[in-house]
Amino acid sequence: MPERIVVPFGPQHPVLPEPIHLDLVLEDETVVEAIPPSIGYIHRGLERLIEKREYTEYVYVAERICGICSFMHALCYSQGIEEIMKIEVPPDRARCLRTIWSECSRLHSHLLWLGLFADGMGFENLFMRSWQLRESVLDVLEDTTGGRVIQAPARSAGSGAT
């Protein structure tokens, strides 16, 4: 009878959009079962962190979920809070700025993907050109928001946010 042991695996995420965490059941050296023990929590614990923060502070955490689409996470969180609390933002200016920054984030994301794909395929010219265009998009974000990756204004040390 082979010996059964359980080996924790993860969090592991070299090519996955989100990290995976599994309990691997082994019989001798053969994996016979893979059990996902904690579905719903990514390794950074953001879901638990929101339980410890005020809803006004979590927008800064939401923006740090992903360095590629940081504005979109903060926007979606903010729009959710606005809808729940029935808050109306100034329609013309806010809608215009949100659209511009959303499109800049989308362009940034697509140009990053294209550059990485081109690099993986050995197409160095396309890699360099797409990243050159990406820099222009990041410059627009920096000029209009003050940040290239994180667009929210910096929090002061006494604000309670970490």
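The following exercises, each with a worked solution, concern the predicted model shown above.

Residues are numbered from 1 along each chain as its sequence is written, and side-chain values use heavy atoms, with hydrogens and water left out. Because the model is predicted, local features need pLDDT of at least 70 and side-chain atom pairs count only at pLDDT 80 or more, whereas totals for chains, interfaces and linings use all residues.

**Exercise 1. Overall architecture**

Determine which pattern of helices and strands the chain follows, and what percentage of its residues is buried.

Solution. Helices (H or I, at least four residues) and strands (E, at least two) are taken as DSSP runs, numbered from the N terminus. The chain has 5 helices and 3 strands. Along the sequence they are arranged as β-β-β-α-α-α-α-α. For accessibility, buried means under 20% relative accessible area, exposed over 50%, and partly exposed in between (1.4 Å probe, protein chains only). Of the 162 residues in the chain, 27% are buried.

**Exercise 2. Cysteines**

Establish how many disulfides the structure holds, and explain why cysteine 66 is or is not bonded to cysteine 69.

Solution. A disulfide is a covalent bond between the sulfur atoms of two cysteines. The criterion applied is a pair of cysteine sulfur atoms within 2.5 Å. For cysteine 66, the closest cysteine sulfur belongs to cysteine 69 and lies 3.5 Å away, which is too far for a bond. Cysteine 76 is likewise in no disulfide, its nearest cysteine sulfur, in cysteine 69, being 9.1 Å away. The count for the structure is 0 disulfides. Cysteine 66 is partly exposed, at 22% relative accessibility.

**Exercise 3. Helix α5**

Compare the expected span of α5 with the distance between its end C-alpha atoms, and identify which residues of α5 are buried.

Solution. The expected span of a helix is 1.5 Å times one less than its number of residues. For the 22 residues of α5 this gives 32 Å, and the end C-alpha atoms are 31 Å apart, which agrees. The buried residues of α5 are Phe127, Ser130, Arg134, Val137, Leu138 and Leu141. They cover an arc of only 105° around the axis, so they lie on the same side of α5; the arc is that of the directions from the helix axis to the C-beta atoms. An α-helix has 3.6 residues a turn, so residues three or four places apart point the same way. On the other side of α5, Asn125, Met128 and Asp143 are exposed.

**Exercise 4. The largest cavity**

State the volume of the largest cavity and which helices each supply at least two residues of its lining.

Solution. On a 1 Å grid over the protein atoms alone, a cavity is a set of points where a 1.4 Å probe fits but cannot get out, and lining residues have an atom within 4 Å of a point. The structure holds 1 cavity of 30 Å³ or more. The largest cavity contains about 50 Å³ of space. Its lining includes Ser70, Ser105, His108, Leu138 and Leu141. At least two lining residues come from each of α3 (70-85), α4 (91-121) and α5 (124-145).

**Exercise 5. Positive phi values**

Locate aspartate 28 and lysine 86, and decide whether each is buried or exposed.

Solution. Aspartate 28, not a glycine, has a positive phi of about 55°. Aspartate 28 sits in the loop between β2 (20-27) and β3 (30-35) and is exposed, with a relative accessible area of 52%. Lysine 86 also has a positive phi, near 55°. Lysine 86 belongs to the loop between α3 and α4 and is exposed, at 70% relative accessible area.

Notes. 1 Å grid on protein atoms, 1.4 Å probe; cavity = no way out; pocket = protein on both sides within 12 Å on 5 of 7 lines; lining within 4 Å. Points joined across faces, edges and corners; volume = space filled by probe spheres on them.
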